[in-house]
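Got the viewer open? Let's take a short walk through this one, picking a few things to select along the way.

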Amino acid sequence: MKPLDLLAIAPHPDDAETFCGGTLAAAVAAGRWVGVLDLTEGELGTRGSVAERRLEAVEASRILGLHERANVGLPDGDLANTAEHRRRIVHHLRRFRPRTVLVPAPVDRHPDHVAAHRLALDAIFASGLAKIETSDDDGAVQSAFRPARVFLYEQHQPLGQPTLIVDVSATMALRLDAIRAYKTQFAASDGPATFISSPAFLLALEAKARMHGFRIGATFGEAFLAVEPLAITDLTQL
């Protein structure tokens, strides 16, 4: 498998599209190898079945141009920072070998999003430990691996002062199309009303992206926070 340049880890199908889909699509457009790792199948969601959400994820992946997508199959509503949950994520990290990983920020309204933050960071660390053994699907022992960079992506709650804002002006439409591919979740007329099914939800996402874009002189932007300091030798490189 070709190593990924960029991997987004998401608690549920649709989270990567919702919160950093423009960045993923921009990386694809730049010729990077890009993927998403969903931790759960969203089986506890008020709307939509697992089968429906799987099909929606396939369509959203096509819209963004993703090269890889996998689902860890952890229990929705019960993400826990246990050795077993970490090991299952490590398996995928060592399989995809991403250079840069996007992880949910630590504060959010959804408990799974909060839990996914620490679980993903600890799995990334564990992936670099050679004595934690995992195997490929064919049974071959995987080698230890740790990404070069990890960034936190903003969710429902404001990120605060971001480390960087990615210009997604050219890919914001793709991000919105990918979100709308999850018809069971975002179609206001289908099923019981939820926090994300309201038309105001997508309007708020667009408004936030416009705000971030304005800060960098662009139409739309997505905000990220670096987990570790960024090393450079010349400030003028920025």
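## Stop one: a pair of helices

Start by selecting residues 83-96, which form helix α3, and residues 111-127, which form helix α4: the two pack at an angle of about 60 degrees, with their axes 8 Å apart. Keep in mind that this is a predicted model. That angle falls outside the 65 to 115 degrees that would count as roughly perpendicular, so α3 and α4 are oblique to each other. Their crossing is right-handed.

Now show side chains where the helices touch. On α3, pick His85, Arg86, Ile89, Val90, Leu93 and Arg94. On α4, the partners are Leu119, Asp122, Ala123, Ile124, Ala126 and Ser127. Colour them by character and you'll get seven nonpolar, two polar and three charged residues in this contact.

## Stop two: the sheet

Next, switch to a cartoon view and look for the open sheet of seven strands. Walking across it, you pass β3, β2, β1, β4, β5, β7 and β6 in that order, and the pairing is mixed. Which strands stand at the edges? They are β3 (68-71) and β6 (164-167); each has a single partner strand, so one side of each has no neighbour in the sheet. As you go, notice the twist: neighbouring strands are turned by 25 degrees against each other on average, ignoring direction.

## Last stop: one edge of the sheet

Zoom in on β6 and add residues 221-226, which make up β7. These two strands run antiparallel and are joined by four bridges. To finish, click on valine 166: standing opposite, in β7, is glutamate 222.

Methods: Residues numbered from 1 in each chain as written. Predicted model: local features only at pLDDT ≥ 70, side-chain atom pairs only at ≥ 80, totals over all residues. Heavy atoms only, no water. Axes fitted to C-alpha atoms, helices over the stretch in contact; angles between N-to-C directions. Parallel < 35°, antiparallel > 145°, perpendicular 65-115°, else oblique. Left-handed = near helix turned anticlockwise from the far one by under 90°. Contact = heavy atoms within 4.5 Å. Nonpolar A, V, L, I, M, F, W, Y, C, P; charged D, E, K, R; others polar. Pairing = 2+ DSSP bridges.
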